[in-house]
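Reader: I should like to learn how to read a protein–DNA model. May we go through it feature by feature?

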2 protein chains.
Amino acid sequence: MVSLKSSVVLSAEISPAASGRWLDTIIKGDCVSALEKLPDNSVDVVFADPPYNLQLGGALHRPDQSLVDAVDDAWDQFASFEAYDAFTRAWLLACRRVLKPNGTLWVIGSYHNIFRVGAILQDLNFWILNDIVWRKTNPMPNFKGRRFQNAHETLIWASPSAKGKGYTFNYDALKAANDDVQMRSDWVFPICSGGERLKDENGDKVHPTQKPEALLARIMMASTRPGDVVLDPFFGSGTTGAVAKRLGRHYVGVEREQTYIDAARARIEAVEPLGGATLSVMTGKRAEPRVAFNVLVESGLIKPGAILTDARRRHSAIVRADGTLASGGEAGSIHRLGAKVQGLDACNGWTFWHYDDGGVLRPIDDLRTVIRADMARMG
Amino acid sequence: MVSLKSSVVLSAEISPAASGRWLDTIIKGDCVSALEKLPDNSVDVVFADPPYNLQLGGALHRPDQSLVDAVDDAWDQFASFEAYDAFTRAWLLACRRVLKPNGTLWVIGSYHNIFRVGAILQDLNFWILNDIVWRKTNPMPNFKGRRFQNAHETLIWASPSAKGKGYTFNYDALKAANDDVQMRSDWVFPICSGGERLKDENGDKVHPTQKPEALLARIMMASTRPGDVVLDPFFGSGTTGAVAKRLGRHYVGVEREQTYIDAARARIEAVEPLGGATLSVMTGKRAEPRVAFNVLVESGLIKPGAILTDARRRHSAIVRADGTLASGGEAGSIHRLGAKVQGLDACNGWTFWHYDDGGVLRPIDDLRTVIRADMARMG
DNA sequence: GACGATGCTGAATCTTCTG
DNA sequence: CCAGAAGATTCAGCATCGT
């Protein structure tokens, strides 16, 4: 079992000593000034659940005249769109400074604020990777019957710049977990309620917009690796911290209200981290070491002079000693020649070309696994 | 059966004579200048499908090397966000002038443009009533496996001012059509394909972004009454006109391209208006919800680290936090790993793998019924 | 005609490494 | 930084064709 502490030691870039003790802590204060305590390029992912700028215009009552406990806290009040926009720009810029260039940022919001946040993200040159819809299984009904039931919230997933190409996305794991079809942009989760919802000594909810842990788990399993650092600049009740600890990720939280900080600390303290074996992330071919075709020839798995064909034996080529293929006067790499014989621009020669194994055609890709198994044993 | 002509007569405010002959026509031209032909406060609903301002890199090929026919039309090209914003402000203001104070406006977009549109709507003092998610049953996949599949588009439904309170919303009709539960903000429809998709004489699609009629039908059934006037400032292939005529509403279209105008005219000409009783068939059907394995993990019904076995306990595997299974150095989806441990090509992991429920082995498929019970309430 | 195999397509900001 | 090469990557629905 890999403990959270040993994960820290394994991470070359981040260590508790170098981090100024901010790792796995909650920093009290306004998020822009609090983030000044963090060095540049120090976090892998930002998850932000900013104030929604709700404008309900008076109390909301259910049909039975009971009062709906709406979000009307002081921290959620802004004088104008301009004030909200300035606030948004400030915290986004502060987050980008501490975010690694290959990191990504998540923001969640509703129609009250998400359009402003999205437009500002684009204005600041963030690059939107996806917008994600969280569909709620159990949303609050629309009591007035004058609109559609507000049954979803929107997340934006963005790279800090248009050139950010090396971001983490655990595509293969998500696909395998999703019954072998790729994960879509619409997710279904219940809202946070029942035992998961933090309550104070009076039985009242501690935080008005506590997010479900399943939502954060999906986000972290998709866009982080074990040992990564997740920053939450609006920490609230600490869902980000609790999920990060459970999944073997590090967290940094920023929060202004002492009540929330106290509740989050106690909550995270009680979390039991999962063991190392359960945290391994499934990877696909992309993560495998590269093996060049001539390695197969040099190792004798394929002999010079051998004939390769496509799966239907419509095209054939001869293997040359230098690791290239030749066919009808043309020669080139397995990829180039595969493309050429098909009249295409590109081709994956590993899956296109097959060898004859006692009458059965098998892709030459199968032979790479032999080489890779050897490489794995040698370290 | 209500004919279109009698609907006109029933409408006190709009008559063909007073309308200057623009009712149920397509006006050729740029939408801002074309709308100058319409009087103030003359339409009940605006449906706008503006250019999305896609910013495509190079050509995109499917894994089989076929080329994706991208939206690279000139009308979707803008020099900058500033240019797109100015364009957006101009058409929104032109639409608001002709929109009745108690009318409403719909805009559809994707993450490329919808955040800008939404923020500008708010800046112009439109009042957002809902954001609506159109979930596509059959979206295009993400071919490179570097992001989530882009499986939805977003609509914004707004009132022209914060004081617009008398807008039409057929709450009870929608609820009745939705198995007596409130209509939610997430809608499911297939993309427009098959016989509904307009093709030219070469068999090519007439318009690259033709919207499904079911989507427009939902919109009109929700926010208009028979005889109302629906303006579409980006008329394209005329889906708005076709659905308006079928549902006994009036339309006005604005379109720049003669090709689209010709196709839309012929299309609308062929439409047979329906009677009110047949309209419920347009609202779309719900399918049995698909539940993937990761939903069980994320919901806590199966915990990471849990051991699954086959019915006779001959094979076992451990559940990982990413929603995959691992066994003897191998990892994969419940289906892949089930096949692998049995030495088979395929396996239904839902019936193969079992969990231990107090000494009794039960197939993990049983746990899906719990989730489906939750989802059933969503409609 | 029925049925399976094969092919085509849809609003898409869709790779990564080496030299 | 750029050019070039390696090589990884798709889901649902509909149309067409062959048996």
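**Reading the contacts**

Author: Let us begin with a single contact: a polar backbone atom of Gln182(A) lies 2.8 Å from a phosphate oxygen of DNA strand D. Please bear in mind that this is a predicted model.

Reader: Which residues are the closest to DNA strand D, and how many surround it?

Author: A residue is taken as near a strand if one of its heavy atoms lies within 4 Å of it. By that rule 27 residues surround DNA strand D, and the closest are Tyr171(A), Lys175(A), Gln182(A), His335(A) and Arg368(A). The side chain of Tyr171(A) places an N or O atom 2.9 Å from a phosphate oxygen of the strand.

Reader: What share of the atoms of DNA strand D within 4 Å of the protein belongs to sugar or phosphate?

Author: The share is 63%, and the rest belong to bases. A contact to a base is found at Gln65(B), where a polar side-chain atom lies 3.3 Å from a base oxygen of DNA strand D.

Reader: Which helices of chain A each supply at least two residues of the surface near DNA strand D?

Author: They are helix H5 (171-177) and helix H11 (334-342). The largest share, three residues, comes from H5(A). By class, the surface near DNA strand D comprises ten nonpolar, nine polar and eight charged residues.

Reader: How should the other strand be read? Which residues are the closest to DNA strand C?

Author: The reading proceeds by the steps already shown. DNA strand C is surrounded by 41 residues, the closest being Arg62(B), Tyr111(B), Lys144(B), Asn150(B) and Arg197(B). Of its atoms within 4 Å of the protein, 48% belong to sugar or phosphate and the rest to bases. The surface near DNA strand C has 19 nonpolar, eight polar and 14 charged residues.

Reader: Where do polar side-chain atoms lie with respect to a base oxygen of DNA strand C?

Author: One such atom, in Asn142(B), lies 3.2 Å from a base oxygen. The side chain of Arg147(B) has an N or O atom 3.3 Å from a base oxygen of the strand. Lys205(B), by contrast, addresses the backbone of the DNA: an N or O atom of its side chain is 2.8 Å from a phosphate oxygen of DNA strand C.

Reader: Let us turn to the two protein chains. How many residues does the contact take from chain B and from chain A?

Author: Chain B gives 75 residues and chain A gives 72 residues. Together the chains bury about 6600 Å², with 52% of that area on carbon and sulfur atoms. Phe115(B), Arg146(B) and Phe148(B) supply 14% of the area that chain B buries against chain A, more than any other three residues.

Reader: How many salt bridges does the rule find across the interface of chain B and chain A?

Author: The general idea is that side chains of opposite charge can pair when their charged atoms come close. Here the rule finds five salt bridges across the interface. One of them joins Arg218(A) to Glu298(B), with the closest N and O atoms 2.6 Å apart. The side of chain B that touches chain A draws its largest share, nine residues, from strand E4 (residues 127-136) of chain B. By class, that side divides into 35 nonpolar, 23 polar and 17 charged residues.

Reader: How far apart are the closest N and O atoms of the salt bridge between Glu153(A) and Lys136(A)?

Author: They are 2.8 Å apart. This pair links distant parts of the chain, with Glu153(A) in strand E5 (residues 152-159) and Lys136(A) in strand E4 (residues 127-136) of chain A, 17 residues apart. Over all chains the structure holds 33 salt bridges.

Reader: Finally, which residues of chain A does the UniProt annotation "domain: RAMA" cover?

Author: The unreviewed UniProt entry assigns that annotation to residues 280-375 of chain A. Over this range the chain is 31% helix and 22% strand, and the end C-alpha atoms are 20 Å apart.

Key:
Residues are numbered from 1 along each chain as its sequence is written. Chains are lettered from A and ligands numbered from 1 in the order in which they are written. This is a predicted model: local features need pLDDT of at least 70, side-chain atom pairs count only at pLDDT 80 or more; totals for chains, interfaces and linings use all residues. Side-chain values use heavy atoms; hydrogens and water are left out. A polar contact is a pair of N or O atoms within 3.5 Å; within protein, one must be able to donate a hydrogen and the other to accept it, and residues adjacent in sequence count only if both atoms are side-chain atoms. Helices (H or I, at least four residues) and strands (E, at least two) are DSSP runs, numbered from the N terminus. Ala, Val, Leu, Ile, Met, Phe, Trp, Tyr, Cys and Pro count as nonpolar, Asp, Glu, Lys and Arg as charged, and the others, Gly among them, as polar. UniProt positions are given in the numbering used here, feature names are shortened, and annotations may be inferred rather than shown by experiment. Contact means heavy atoms within 4.5 Å. Buried area is the accessible area (1.4 Å probe) that two parts lose on being put together, summed over both. A salt bridge is a side-chain nitrogen of Lys or Arg within 4 Å of a carboxyl oxygen of Asp or Glu.
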